[in-house]
Amino acid sequence: MALGKSGRLPPATALRQILKRCSSLGRKESGGGFPVDVPKGHFAVYVGEKRSRFIVPISLLARPEFQSLLRLAEEEFGFDHELGITIPCEEVVFRALTSALI
């Protein structure tokens, strides 16, 4: 795997790796279809102690700030579970970050 000058993976490669590890992205609901409340080009994440569900655009995956959140999520919870991606931060922080990125 080729690393860039900074010792980091190129953004496209990092994005592909994140997508592979996020097993809930593209996971089909029972019945063979995708969840009806998640529009094309978006995915669901769960945030905070109450695991509030947010629908976010896939374009956020390309943002380094969001990639950092996903790395934290993987370290704390892993991606291979039925709940989907769980982001380990407070809901108010997640809302502020995503609204600044979108």
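Two strands pair if DSSP finds at least two bridges between them. The exercises below apply this criterion to a predicted model.

**Exercise 1.** Determine in which sense S1 and S3 run, and how many bridges join them.

*Solution.* Step 1: the count of bridges that join S1 to S3 is three. Step 2: the criterion asks for at least two bridges, so S1 and S3 pair. Step 3: S1 and S3 run parallel. Step 4: one position can be inspected directly, since Val-45 stands opposite Ile-85 in S3.

**Exercise 2.** Establish in which sense S1 and S2 pair, and over how many bridges.

*Solution.* Step 1: the pairing of S1 with S2 is antiparallel and extends over six bridges. Step 2: Val-45 has Phe-54 as its bridge partner in S2, and Val-47 faces Ser-52 in that strand. Step 3: the two strands form a hairpin, with four residues between them. In the turn, Gly-48 has a positive phi of about 80°.

**Exercise 3.** Describe the backbone and the exposure of Arg-51: is this residue buried, partly exposed or exposed?

*Solution.* Step 1: Arg-51 is located in the loop that lies between strand S1 (42-47) and strand S2 (52-57). Step 2: its phi is positive, about 55°, although Arg-51 is not a glycine. Step 3: the relative accessible area of Arg-51 is 34%. Buried means under 20% and exposed means over 50%; Arg-51 is therefore partly exposed.

**Exercise 4.** Assemble the sheet: in what order do the strands lie, and is the sheet open or closed?

*Solution.* Step 1: the order is S2-S1-S3, and the three strands form an open sheet with mixed pairing. Step 2: S2 and strand S3 (85-87) are the edge strands, each pairing on one side only. Step 3: on average, neighbouring strands of this sheet are turned by 40° against each other, direction ignored.

**Exercise 5.** Place helices H2 and H3 relative to the sheet: which strands does H2 touch, and which does H3 lie across?

*Solution.* Step 1: helix H2 (residues 64-76) packs on the sheet and touches S1, S2 and S3. Its direction makes about 105° with that of S3. Step 2: helix H3 (residues 91-101) lies across S1, S2 and S3, and runs at about 10° to S2.

**Exercise 6.** State the overall pattern of the protein along its sequence.

*Solution.* Step 1: the protein has three helices and three strands. Step 2: along the sequence they follow the pattern α-β-β-α-β-α. Step 3: of the 102 residues in the protein, 33% are buried.

Definitions and conventions:
Residues are numbered from 1 along each chain as its sequence is written. This is a predicted model: local features need pLDDT of at least 70, side-chain atom pairs count only at pLDDT 80 or more; totals for chains, interfaces and linings use all residues. Side-chain values use heavy atoms; hydrogens and water are left out. Buried means under 20% relative accessible area, exposed over 50%, partly exposed in between (1.4 Å probe, protein chains only). Axes are lines fitted to C-alpha atoms, for helices over the stretch in contact, and angles run from 0 to 180 degrees between N-to-C directions. Contact means heavy atoms within 4.5 Å.
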